[in-house]
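The following account leads the reader through a single protein chain. It begins at the surface and then turns to the sheet and the charged pairs.

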Amino acid sequence: MKQFTFKDVSTLNKDQYDIYSQATNDAYPPFLSHSDLIENHWDKLADYFPGYQLVMQDEREEIIGFINSIPIFWNKSLNLLPDEGWDWLFQKGIEDYEQRRTPNCLGGIQINVLSSYRGQGYSKLLLQRAKMLFEEKGFDHYILPIRPNFKWKYPSMNMEEYMVMEKNN
């Protein structure tokens, strides 16, 4: 495994930022990447939350992968988190920031390893760094909405139907 460092997305040069942007676009199927939420608010992640968007780079400063996370305020039981998952988390973080609410939870937006580095253990290291970020900030909870791997193949199927189908396979 290569040596690596973590760097805030806001410090990337143009070429590095283009690679980061393309990897982000590639991570989402078209029906998600063209959602109003992503198209209208994605850039706010880096603008509003520097220090929560971290890139893992090798010794040549090539991007291995990255973490996108968002701080939110949540003062209820985790069992009461809304079913909207990722969309809700993203919107909640933006709204909390704009309403100047002090966050007490960290939400995971994505962990992404570039294809040439997959299968080498980097996703585990990125997740460990995300946990460290959570601990460094002293948050109460770390919320990770999970997107099923192959849901993108069934864009018109609602999540409940998809989960039943997967369970039966």
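**A nonpolar patch and the sheet behind it**

On the surface of this predicted model, I111, L127, L144 and I146 form a nonpolar patch whose members together have about 350 Å² of accessible area. One of these residues, I146, is located in the loop between β5 and α6 (159-168). With a relative accessibility of 72%, I146 counts as exposed, since the threshold for that class is over 50%.

The chain as a whole contains six helices and five strands. Read from the N terminus on, its elements follow the order β-α-α-α-β-β-α-β-α-β-α. Of its 169 residues, 40% count as buried.

The strands form an open sheet of five, in the order β1-β2-β3-β4-β5, with mixed pairing. The edges are occupied by β1 (4-8) and β5, each of which has a single partner strand, so one side of each is left without a neighbour in the sheet. From one strand to the next, the twist averages 25°. In general, strands of a sheet pair through backbone hydrogen bonds, in either a parallel or an antiparallel manner.

The sheet may be followed from the β1 edge. Strand β1 is joined to strand β2 (residues 53-58) by five bridges, and the two run antiparallel. Within this pairing, F4 has D58 of β2 as its bridge partner, and F6 has M56 of β2.

How many of the six residues of β2 are buried? Six of the six are, so β2 is largely enclosed by the rest of the structure. Side chains leave this strand in two directions: Q53, V55 and Q57 point one way, L54, M56 and D58 point the other way, and all are buried. Thus both D58 and M56, the bridge partners of F4 and F6, belong to the set pointing the other way from Q57.

On its second pairing, β2 is joined to β3 by five bridges, again in an antiparallel arrangement. Here Q57 stands opposite I63 in β3. The hairpin of β2 and β3 has four residues between the strands, and within it E61 takes a positive phi near 65°.

A salt bridge is also found in this part of the chain: the side chains of E62 and R60 meet at 2.5 Å, N to O. E62 is partly exposed, with a relative accessible area of 36%, whereas R60 is exposed at 52%.

Strand β3 (residues 63-72) continues the sheet toward β4, to which it is joined by eight bridges in an antiparallel arrangement. I72 has C105 of β4 as its bridge partner. C105 also takes part in the next pairing, where its bridge partner in β5 is H141. That pairing joins β4 to strand β5 (residues 141-143) through three bridges, and these two strands run parallel.

The connection between the parallel strands includes a helix: β4, helix α5 (residues 122-137) and β5 make a right-handed β-α-β unit. Strand β4 (residues 105-113) has eight of its nine residues buried, so it is largely enclosed by the rest of the structure.

**Charged pairs**

How many salt bridges does the structure hold? The structure holds six. In one of them, the side chains of D18 and K14 meet at 2.9 Å, N to O. These two residues are four positions apart in helix α1 (residues 14-27), and are therefore separated by about one helical turn. D18 is partly exposed, with a relative accessible area of 37%, while K14 is exposed at 60%.

Another salt bridge connects separate helices. The side chains of K44 and E98 meet at 3.3 Å, N to O. K44 belongs to helix α3 (residues 36-48) and E98 to helix α4 (residues 85-98), so the pair ties together parts that are 54 residues apart in sequence. E98 is partly exposed, with a relative accessible area of 37%.

Beyond individual pairs, there is also a network, in which salt bridges that share partners join K92, D96 and R101.

Note on methods:
Residues numbered from 1 in each chain as written. Predicted model: local features only at pLDDT ≥ 70, side-chain atom pairs only at ≥ 80, totals over all residues. Heavy atoms only, no water. Buried < 20%, exposed > 50% of the residue type's maximum accessible area, 1.4 Å probe, protein only. Pairing = 2+ DSSP bridges. Right-handed = clockwise from strand over helix to strand, strands pointing away. Patch = residues over 30% accessible without salt bridge, like charges linked within 9 Å, V, L, I, M, F, W, Y side chains within 5 Å. Areas by Shrake-Rupley, 256 points an atom, 1.4 Å probe, with all protein chains shown as cover. Salt bridge = Lys/Arg side-chain N within 4 Å of Asp/Glu carboxyl O. Axes fitted to C-alpha atoms, helices over the stretch in contact; angles between N-to-C directions.
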